Amino acid sequence: MANLMQRTLGKSASIAGTSLHTGKPVKLTIKPAEVNTGLRFRRIDLPDKPFIPASAAKVQTVERATTLAEGSVKVHTVEHILSALTGMGVDNAIIEMDANEPPIGDGSAAPYVSLIKKAGVVEQDAPCNVWQLREPVKVETKGGSVIVIMPANEFRVSVTAVGPNGRVTQYFDSVITPETYESELSTARTFCFYEDIQPLLEKGLIQGGTLDNAIVIKGDEYVCAGGLRFNNECARHKAMDLIGDLILNGRRILGHVMAIMPGHGVNTQMAAKLQKMYDTMVAQRPKPFVLPSGDAVMDITDVLNMLPHRFPFLMVDRILSFEGDNKCVGQKNVTMNEPFFQGHFPQHPVMPGVLQVEAMAQVASILMLRIPGNAGKIGYFMSCDKVKWRRPVLPGDVLIIETELVKMLRGTIGVATGRCTVNGEVTCEAELKFMIQDS
C-alpha cells in the first residue's frame, strides 16, 4: 500500500433518472478533482452552486438513506454513488446534481460503476491516504446492530443481514477491490419489506420506488423485476451501503469490517467514530522539529568539560546558542532509551517534570560558569520557584531549554528564569536560584 497513489476520474460523465425518495428527475455528473479534494457533492441547481463534503460531520438524517447537509443545503441518499466511487478506487471527485438526490437507477450501484468506467480512473501525483487500523473499533446500537473493525492488511467486509423476527437472515463476505466490488456487490439492489411500504409513503419517502429499482419482500417471497441476482442479494446490498457510509470518515481504511444488522444509523456512527479517532491520532503525532536559530556553539564534549554531571543525570546534549552573557539555549534529545522511563511509566513513558527542572538548572549553570572567575567551579541548586508544568514530554521529543540570568548576588548567587519547549509549546517553566562554589 506504500506506493498506492490517489486517483480521480479521467473526464466528466453524466447519468440522469428518477430519485428514489423524492421521485423527481435529476441529472448527476461526476467530475475529476485535484489531489486531497476527497469526494464532494455540488448542488448546481442552487444559487452559488454550494459544495457539501462527504463527511461524517455533515450527516443530518439516516432514515432509509444517508442525508448530508451544509447549513440549509442538503443531499439525500448519497450512499450508492459514494460506495461506487470508493469501491472502484476513486479518491477525489466532484459529484454535481441539479436536484437534492441522485438517480436511483435499478436500485444498485451498477449504473454508477458503468459511469465511472465511462469516465475512466487515472492516478494522481500524490500518495493515497490509507489508514491501517491498529486496534479493534466497535459501535453498537440499542436495536442490536453491531459493527466491529479488526486490524487487517486488507479491506474486508463481512455482513450478516437480519430482518424483523429473524426473517431474511443472509451472510456476505469478501475482500473489497475494484474487481470484487464490481462483480460481487455493485449489482445488488435495495430492498424493503412489504409491510413497510405504506408507512414510508406516508412519510414522503420512496416516492420513486418501483419493482424495477427495488426488491420487495412479502412474507417469504421476493418480488422484483427479473428475480434475484444472488441468493444473498440483501446482504450484498447492505455491504454495498456500508462501504458508501464508511467512506464518510474521510479516508480509505485497511481492516476487517464485521457488521451484524448494519444500517445507515450504525454505519454513520462508525464513520464518525473513525473520523474522531483519526483526528485525535493526528493531533498527538510529534510535529516536525524545527531547530532554533543559532549555532551549536557547545557540543557534548564541551558540555562535559564544563559540567560535573554524567550519565544518567546529564540533561543537556549540546548548547545551541548564547545571547550576550545572560541568555543561553540548550537541547536535550529525549529517547526511549532514557533510564528514567523504566519506572516513569513503562507502559506510558513520560519524562519526569523534576528532570525538566534539572535540565534548566544545568543550562543556567553553564551561563554562570562562563562568568570570569567561575571556570572550574560547581553550581549548586538553592531553590526553585513558580514551577509550572504545561504538557508531557514523550520519547522522540526534542527538548529545547531556554534560560536567562536575571540577577547576581554577591558574585556567587545567581537567579535565573528558565523554560522548556517542544516544537514551540512550553512544557515547563520556573525561577531558579544557584550558588557557585569551588569544586
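Me: Contact means heavy atoms within 4.5 Å of each other. Going by that, what is His344 in contact with, leaving aside its neighbours within four places in sequence?
Reply: This is a predicted model, to start with. In it, His344 is in contact with Pro349, Val350, Met351 and Pro352, once the neighbours within four places are set aside. His344 has its place in the loop between strand E21 (327-333) and helix H8 (353-369).

Me: Why is His344 called partly exposed?
Reply: Its relative accessible area is 23%. Buried would need under 20% and exposed over 50%, so His344, at 23%, is partly exposed.

Me: And what makes Glu184 partly exposed?
Reply: Same style of check: the relative accessible area of Glu184 is 24%. That value falls between the 20% and 50% cut-offs, so Glu184 counts as partly exposed. Glu184 is found in helix H3, and, leaving aside neighbours within four places, it is in contact with Phe172, Ser174, Phe230 and Arg236. The C-alpha atoms of Glu184 and His237 are separated by 9.8 Å, with their positions 53 residues apart along the chain.

Me: Why are H3 and H5 called oblique to each other?
Reply: Their axes cross at roughly 140° and come within 10 Å. Roughly antiparallel starts over 145 degrees and roughly perpendicular runs from 65 to 115. An angle of roughly 140° fits neither, so H3 and H5 are oblique.

Me: Which residues make that contact of H3 and H5?
Reply: Tyr181, Glu184 and Leu185 come from H3, while H5 brings Arg236, Ala239, Met240 and Ile243. By class, the contact of H3 with H5 has five nonpolar, no polar and two charged residues.

Me: What makes H1 oblique to H2?
Reply: The axes of H1 (residues 79-87) and H2 (residues 110-119) cross at roughly 45° and come within 9 Å. Parallel would take under 35 degrees and perpendicular at least 65, so at roughly 45° H1 is oblique to H2. H1 passes H2 in a right-handed crossing. His80, Ile81, Ala84 and Leu85 in H1 meet Tyr112, Val113 and Ile116 in H2. Six of the residues in this contact are nonpolar, one is polar and none is charged.

Me: How do you know that H1 is mostly covered?
Reply: Count the buried residues: nine of its nine are buried. Buried asks for under 20% relative accessible area, and the list runs Glu79, His80, Ile81, Leu82, Ser83, Ala84, Leu85, Thr86 and Gly87. H1 is followed by Gly89, with a positive phi near 80°.

Me: Which residues of H2 are buried, and what covers them?
Reply: The buried ones in H2 are Ala110, Tyr112, Val113, Leu115, Ile116 and Ala119. Their cover includes H1, helix H3 (178-185) and several strands, among them E1 (5-9), E3 (25-32) and E10 (121-127). Just after H2, Gly120 takes a positive phi of about 85°.

Me: Which residues touch the most other members of the largest nonpolar core?
Reply: Ile30, Phe41, Leu82, Val157, Tyr181 and Val257, out of 61 residues. Helix H5 (residues 233-246) gives the most to this core, with six. As for Leu82, not counting residues up to four places away, it touches Leu39, Phe41, Ala54, Ile95, Gly244, Ile247 and Leu248. Apart from this core lies another, of 35 residues, including Met360, Val393, Ile401 and Ile436.

Technical notes
Residues are numbered from 1 along each chain as its sequence is written. This is a predicted model: local features need pLDDT of at least 70, side-chain atom pairs count only at pLDDT 80 or more; totals for chains, interfaces and linings use all residues. Side-chain values use heavy atoms; hydrogens and water are left out. Axes are lines fitted to C-alpha atoms, for helices over the stretch in contact, and angles run from 0 to 180 degrees between N-to-C directions. Helices (H or I, at least four residues) and strands (E, at least two) are DSSP runs, numbered from the N terminus. A crossing is left-handed if the near helix is turned anticlockwise from the far one by less than a right angle, and right-handed if clockwise. Ala, Val, Leu, Ile, Met, Phe, Trp, Tyr, Cys and Pro count as nonpolar, Asp, Glu, Lys and Arg as charged, and the others, Gly among them, as polar. Buried means under 20% relative accessible area, exposed over 50%, partly exposed in between (1.4 Å probe, protein chains only). A nonpolar core is a set of buried Ala, Val, Leu, Ile, Met, Phe, Trp, Tyr and Cys residues joined through side-chain atoms within 4.5 Å.
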